[in-house]
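Please look over the model shown here. The report that follows takes up its folding, its parts and its chain contacts in turn.

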Number of protein chains: 4
Amino acid sequence: MLLKLRKNLAPADRDALFGLCRELGLEPRTLTGVSGGVELVDLIPTDKAGVDPARTLSLLNDQFAVASIVDAGPASERFARANGQPDTIVRVGEAIFGGGHVSLVAGPCSVDEEDVLLDVARRVKAAGATLLRGGVHKPRTSPYSFQGLGDDGLALLGRVREEVGIAVVTEVLEPGDIAKTREVCDMLQIGSRNMINTPLLREVAKAGMPVLLKRGMTATSKEFLLAAEYLLSGGCKEVVLCERGIRGFDSATRNVLDLGTVAHLKQATHLPVIVDPSHAAGRADLIRPLARAGVAVGCDGLIVEVHPYPMRAKSDAEQAISPDLFAEIAGDALTMCRALGKTLIAPSADSVATPEAAAPLNYIS
Amino acid sequence: MLLKLRKNLAPADRDALFGLCRELGLEPRTLTGVSGGVELVDLIPTDKAGVDPARTLSLLNDQFAVASIVDAGPASERFARANGQPDTIVRVGEAIFGGGHVSLVAGPCSVDEEDVLLDVARRVKAAGATLLRGGVHKPRTSPYSFQGLGDDGLALLGRVREEVGIAVVTEVLEPGDIAKTREVCDMLQIGSRNMINTPLLREVAKAGMPVLLKRGMTATSKEFLLAAEYLLSGGCKEVVLCERGIRGFDSATRNVLDLGTVAHLKQATHLPVIVDPSHAAGRADLIRPLARAGVAVGCDGLIVEVHPYPMRAKSDAEQAISPDLFAEIAGDALTMCRALGKTLIAPSADSVATPEAAAPLNYIS
Amino acid sequence: MLLKLRKNLAPADRDALFGLCRELGLEPRTLTGVSGGVELVDLIPTDKAGVDPARTLSLLNDQFAVASIVDAGPASERFARANGQPDTIVRVGEAIFGGGHVSLVAGPCSVDEEDVLLDVARRVKAAGATLLRGGVHKPRTSPYSFQGLGDDGLALLGRVREEVGIAVVTEVLEPGDIAKTREVCDMLQIGSRNMINTPLLREVAKAGMPVLLKRGMTATSKEFLLAAEYLLSGGCKEVVLCERGIRGFDSATRNVLDLGTVAHLKQATHLPVIVDPSHAAGRADLIRPLARAGVAVGCDGLIVEVHPYPMRAKSDAEQAISPDLFAEIAGDALTMCRALGKTLIAPSADSVATPEAAAPLNYIS
Amino acid sequence: MLLKLRKNLAPADRDALFGLCRELGLEPRTLTGVSGGVELVDLIPTDKAGVDPARTLSLLNDQFAVASIVDAGPASERFARANGQPDTIVRVGEAIFGGGHVSLVAGPCSVDEEDVLLDVARRVKAAGATLLRGGVHKPRTSPYSFQGLGDDGLALLGRVREEVGIAVVTEVLEPGDIAKTREVCDMLQIGSRNMINTPLLREVAKAGMPVLLKRGMTATSKEFLLAAEYLLSGGCKEVVLCERGIRGFDSATRNVLDLGTVAHLKQATHLPVIVDPSHAAGRADLIRPLARAGVAVGCDGLIVEVHPYPMRAKSDAEQAISPDLFAEIAGDALTMCRALGKTLIAPSADSVATPEAAAPLNYIS
């Protein structure tokens, strides 16, 4: 590692920095012969260098005496994709994310009536979804908006999961939600607003379950990956990242779907990355093209809000699409996967618990 | 209230909307004679109109059948300043926010060593601060950064509070922090990352304490006020809002201090609004001019990060300023308050528990 | 059209507004029986209503007395896609944009040496490009950066155009550039920085040539379309819009490619829309996936920076790609077009003037 | 200067870089003994080092072979404030910007009727303005909005300038505007949309007049300063920078007034910096507090849109304020200047050509 020191550093401050380096198992060596009074320090690992390199980098980066880190050495965070490292593959029920596998997640924004949820679950499964989404605790901007059914919603999710034979992902808003949620769900979601809720990240990391981590509305890709690092360093191995649009300045779309960051993440990390076109667009009519673009850019899955009667959805009605439109999106995803030589995962026929469910499309599975 | 309906509405959907209106105590009346197929509905309050008008507005706004709310009627949220309504005044220890009173909050980003905290508390009080800030749970971007002392930090804050005679504000990160924090602190802070952490807002609202609510990094002013509404509707009456910079695109400053929104908030709400120039600038050398601008625009207080040895601060060292520079900022604030006919609150001499503390400046108090 | 008036309007101001409406051929009729003091005015076209409806809307929108336009009536700008209106198709040389046709534009950021330009032109044509891009006047952030070859570059573009048999698009920076540029080019480009340079838009509109209009770095989609309206209302009929990334907050990518806006534009306007993944990414390694996503979302073409020796490009070297990588992008575009049932336009074999050029790929043409 | 080279550089590319360095009068010397394969190159000025250091830095920064510039050496652009360098002072008529002098610029957004302009000019001068603003060429978002009076407006500005005895600043949109504008005006304005219109910057630089350069809507401070560098390197010595709000995400204010950047600019450059609260707020009711904050942060002047009948202004009516409110803003500015030990420049009584003008306030002058 190579540091540039702040100019006009007091000797005591330089000594303090060098002491910290030695504690971290790194011997500082000042480079000589640099013109213009620039002070560069090369850090050479010693026998004692047992400390986590990511922790070392973070600690040195926080030192005021360090003007900049000229060279950080090899990547060291758990999220980082080493040269040639393959994708981490995350499996949730029948869904597979990463390693050339693309899976579809679908369901209503919020869980409300049982027959509606049952209907949508059957129909999105029939169309190709392998994971059902549905919120029971909704973090709404206004205290007067519908806040979700809470525990009743969880029970309902559990019943539909059994009846339809589909794995379920739902959001947890606080550590207290985790225990009861894991009884009926297969994956925990951390929503956009909670991406950097560190107490929640730490508790979710211990749950022993796959986690869907949504990007914060103005998180940089580095901040997003460091939020995943809270999960990975806390013991969770199955993290799926989700890009859902960043805050923009144009009200024509709700958010700005940032597919450049998806392309960047696919290089920077070995974790799977999925795309949420529903929250990005905020408009039902833009979801299909954005879903197609998400698969084309190389994401490992889609998560889409589907409601049998979009107009009556109790939250985010503007962006809910019908099961029929979802089936078209699934068809597009299949076409895109074939074009890219990737596999779109389809639910197996015998996972369908009820006769009403239509036969799955002829997917590569 | 006046609604514009979505075009080509099915009769069943119109009926459902009208039913909801009547449930809410509002009789819908379609305006006749509008050209171009535009459907406008005037809502007339009936005897049953007992429901919270803010809740009504929010519910109707969420209906897909409603294209837009043409006129919302009189302001109805608890945060809203009615015509001519005076400021809410919030008192915390000797600090007074609102109603022409300006108070200074200062202290280290994070609490670490006891003698350092004691020193900074005495010196910021001597310079004019009436409220000590200091983080014990730090929500850091990287899991490898210093995360605060936790409960040890709380105990330390409690001892310094007694010894120096100054009220204390500190951040709570999760509902579980509230009980122990209220034992030693005078005000709870909800940080920027948690502005819309609804479970936390709901629990903090019940704590019976004044709350300092920081604006989220990309919250609109409406979203910020609705986060305050969670507190107000949950029973908290003493909310102080804090603008701390929004995310920008220029790395020359850490964030963009949005004083236009401070000016807007002073009109839109009766709640006090303070300014945090430290997190906005992220650079010690810009804090003094931004603090001056904050008071000039009409804010009700400042919150500033102060550390006796800024280079050794364990977090946010780049933006920590020395107690001497804080004294200059306090002097500026006094000058600004005098120019604006406002009162800068000074700590009373007898609140100082120890002889080492310098005499307070000759403030209006 | 339906207006909501500002509250507490003076009678003289209402009269002035109504007078203006009548001048515009619209009879104002105040709706009666609206509760809460809300004043709504319906505007009924009279016989005199000959004025441009877009101009009318714009004028009324600028009136202070108008609080909001509740309903604007049918779309009226030239850019707007009426219900069911087909795409405008723009042809430049062999390139066809719109109506299900996708064309590829490629070439160096800036024109420098003749043999380099000749080489890149032959190779991008061989790979499937039907239009050569290359800047001769470069609007650079720093006055000390390479500013382009100017008139020498134009002559060079002209020679390469003849020799390779490929149409050429280049940017004009000021009205004075237009005359000489049209002598050697087939399409004029208005760059991102000049999207709302109204004197330039007005003059370019009169040139009788197809125009490539790039979106400004923080233009809303409405502002972008209104810039196109300057061209359309000034007499230009062949406008191709180009999304090239908006300013974001994350330095991992140069800009944020806004494909949600591309999807929105494809609905809002009949004009073709192309995507520039090079300026969006600013990194050679992200251009291929973003190009794929652009075609998948439904754009009508791609514009890509290609240089035979990217490291030696005199501007934007970081985002230049090799002709070989461009050929892979062209292959992806063909795959995507086939999947979507669209036609990727290929250069005809006999348009190639020189024997060195490789045979074009077996495109749909 | 110290460079870090890109990894795995081909010898030919290193040689090419080193050759360029030597052409620029800099001898490259590779630092030895750096661990981890990092290649650092120190550049030592030789006798030949006569080249502009800013140009050198810009050229090296554009080289692909250069991974980063570890240390740029001393500041070298013309805009940069060297250690201890005093403010550049710009005088326009009676206005003085910089060096502790604050001046007020006021007038209508666009020039329309002569008696209106005469009235507003007299009244803003009476209230303390030393420079009259007024647009004759308006760069409007829509081609259907009022675009200004053009040459008639210039003549009108000239007559009012003589009659009232006040210097005038107006915007030029294209090089062709410069000659006729300088006949009747004292300062040329480059608007926000044209901040990086390089052909315009180059021509304006040659006009031999003071220039008011407005920040682009999403220009970083560095981009803003480099736009000023086009003027300075082109021969203009009197550049006044103007912060007018950057694009934000909250429609409560039109733009986000970025006073942190004003504080940064006052350190980074010796050029005067003024603040435009009118375009930032976009709402008449927020202009006064923002103007106060602008002076408090340390700006060298204010530019405010004033119209005798705001409701009838032909452009930007929402943000126009009355002459009476402007007089209050001028009073605030005086109070702020006194508090900060700065001088608010007042028009001299004998500069007033007509008896109708009120006596100027008792300013420090």
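Which residue in S3(A) is the bridge partner of A:Lys4? The partner is A:Leu40. The model is a predicted one.

**The sheet of chain A**

Three bridges join strand S1 (residues 2–5) of chain A to strand S3 (residues 40–45) of chain A. These two strands run antiparallel. They belong to an open sheet of four strands in chain A. The order is S2-S3-S1-S4, and the pairing is antiparallel. Strand S2 (26–30) and strand S4 (66–71) of chain A stand at the edges. Each has a single partner strand, so one side of each is left without a neighbour in the sheet. From one strand to the next, the twist averages 30 degrees.

Helix H1 (residues 11–23) of chain A packs on this sheet. Helix H1 touches S1, S2 and S3 of chain A. The direction of H1 makes about 140 degrees with that of S2(A).

**Domains**

Chain A is divided into two domains, domain 1 (2–71) and domain 2 (90–351). Their centres, taken over C-alpha atoms, are separated by 42 Å.

**Chains A and C**

How is chain A related to chain C? A turn of 180 degrees, with a shift of 0.0 Å along the axis, lays chain A on chain C. The RMSD is 0.0 Å. The two copies are thus related as by a two-fold rotation axis. Of the residues of chain A, A:Ala293 comes closest to that axis, its C-alpha at 2.1 Å. The same surface serves both copies. Of the contact residues of chain A, 100% recur in chain C.

**Chains D and B**

Here 30 residues of chain D are in contact with 30 residues of chain B. Four helices of chain D each supply at least two residues of the side that touches chain B. They are listed below.

| Helix of chain D | Residues | Supplied to the side that touches chain B |
|---|---|---|
| H8 | 259–268 | at least two residues |
| H9 | 277–281 | at least two residues |
| H10 | 284–297 | at least two residues |
| H11 | 323–340 | at least two residues |

Which helix gives the largest share of the side of chain D that touches chain B? H10(D) does, with eight residues. By residue type, that side of chain D divides into 16 nonpolar, ten polar and four charged residues.

Key:
Residues numbered from 1 in each chain as written. Chains lettered and ligands numbered in written order. Predicted model: local features only at pLDDT ≥ 70, side-chain atom pairs only at ≥ 80, totals over all residues. Pairing = 2+ DSSP bridges. Axes fitted to C-alpha atoms, helices over the stretch in contact; angles between N-to-C directions. Contact = placed C-beta atoms within 7 Å. Least-squares fit on C-alpha atoms with pLDDT ≥ 70 in both. Nonpolar A, V, L, I, M, F, W, Y, C, P; charged D, E, K, R; others polar. Domains from an automatic or database assignment.
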